Amino acid sequence: MSEDALDAALRLVRAQAALVRRFDARLGGLHGVSLADFTLLLRLAQAPGGRMRRVDLAETLGLTASGVTRGLAPLERIGLVTREPDARDARVAYAALTGTGRRLLTEMLATARETAAEVFTAPAWPPADITRLTDLLSRLGGTGLTDR
């Protein structure tokens, strides 16, 4: 069983790397962002008010706080994200989508949906298989578009 488990894990890692390359190429070529940038912006958009504390964003994305800070810096420089202080606690800062960030995220979502549709095209990927894969990845702790 351990060889099968290792084989499954290695196949998952290779598949994930291939998907990241594909999404990075499309999102980078059309919008100048990586898949990591896109997922960060998407999580911010899904948060109440379009903003989150950096520590909460890190937890949601499965990153360290410093990883989120490094990821947010270029997005802040290009005007997609801004830093907002907490009115009640000066130690707390929020990452928030800008209006430009929201507009570009709408375009990025369309690109990401097209890319996913190309990856999971029928007949190789019938809808039941996609649903099953989603369920299996969720068991491994994977989150998706509607998970928070």
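Start at glycine 141, which comes after helix H6 and has a positive phi, near 100°. The model is predicted, and the tour goes from this glycine to the helix before it, then to the sheet and the helices H2, H4 and H5.

**Helix H6**

Select residues 127-139, which make up H6. Does the length of H6 agree with what its 13 residues should span, or disagree? At 1.5 Å a residue the expected span is 18 Å, and the C-alpha atoms at the two ends are 19 Å apart, so the two values agree.

**The sheet**

Next select 51-53 and 81-85, which are strands E1 and E2, and add residues 93-97, strand E3. Together they form an open sheet of 3 strands in the order E1-E3-E2, with antiparallel pairing. E1 and E2 are the edge strands; each has a single partner strand, so one side of each has no neighbour in the sheet. From one strand to the next the twist averages 30°.

Strands of a sheet pair through backbone hydrogen bonds, either parallel or antiparallel. Two pairings can be inspected here:

- E2 with E3: these strands pair in the antiparallel sense over 5 bridges. Threonine 82 has alanine 96 of E3 as its bridge partner.
- E1 with E3: 3 bridges join these antiparallel strands. Methionine 52 has alanine 95 of E3 as its bridge partner.

Now keep E3 alone and colour its residues by accessibility. How many of the 5 residues of E3 are buried? The count is 5 of the 5, so E3 is largely enclosed by the rest of the structure. Both faces of the strand are covered: Ala93, Ala95 and Leu97 are buried on one side, and Tyr94 and Ala96 are buried on the other.

**Helix H2**

Select residues 35-46 for H2. Its 12 residues should span 16 Å at 1.5 Å a residue, and its end C-alpha atoms are 16 Å apart, which agrees. Of these 12 residues, 9 are buried, so H2 is largely enclosed by the rest of the structure. The buried residues are Leu35, Asp37, Phe38, Leu40, Leu41, Leu42, Arg43, Leu44 and Gln46; charged side chains are therefore among them, as Asp and Arg count as charged.

**H2 against H4**

Add residues 65-77, helix H4. The axes of H2 and H4 come within 10 Å and cross at roughly 85°. Angles of 65 to 115 degrees count as roughly perpendicular, and H2 and H4 are therefore roughly perpendicular to each other. Show side chains at the contact: Asp37, Leu40, Leu41 and Leu44 of H2 meet Gly71, Leu72 and Leu75 of H4. By type, the residues of this contact are 5 nonpolar, 1 polar and 1 charged.

**Valine 68**

Stay in helix H4 and pick valine 68. Is valine 68 buried or exposed? Its relative accessibility is 0%, so it counts as buried. Leaving out residues up to four places away in sequence, valine 68 touches Arg54, Leu57, Ala58 and Leu63. Leucine 57 is 11 residues from valine 68 along the chain, and their C-alpha atoms are separated by 7.3 Å.

**Threonine 115**

For the last stop, select residues 99-119, helix H5, and find threonine 115 in it. Threonine 115 is buried too, with a relative accessible area of 0%. Which residues does threonine 115 touch, not counting those up to four places away in sequence? They are Arg22, Phe23 and Arg26.

Terms used: Residues are numbered from 1 along each chain as its sequence is written. This is a predicted model: local features need pLDDT of at least 70, side-chain atom pairs count only at pLDDT 80 or more; totals for chains, interfaces and linings use all residues. Side-chain values use heavy atoms; hydrogens and water are left out. Two strands pair if DSSP finds at least two bridges between them. Helices (H or I, at least four residues) and strands (E, at least two) are DSSP runs, numbered from the N terminus. Axes are lines fitted to C-alpha atoms, for helices over the stretch in contact, and angles run from 0 to 180 degrees between N-to-C directions. The expected span of a helix is 1.5 Å times one less than its number of residues. Angles under 35 degrees count as roughly parallel, over 145 as roughly antiparallel, 65 to 115 as roughly perpendicular and the rest as oblique. Contact means heavy atoms within 4.5 Å. Buried means under 20% relative accessible area, exposed over 50%, partly exposed in between (1.4 Å probe, protein chains only).
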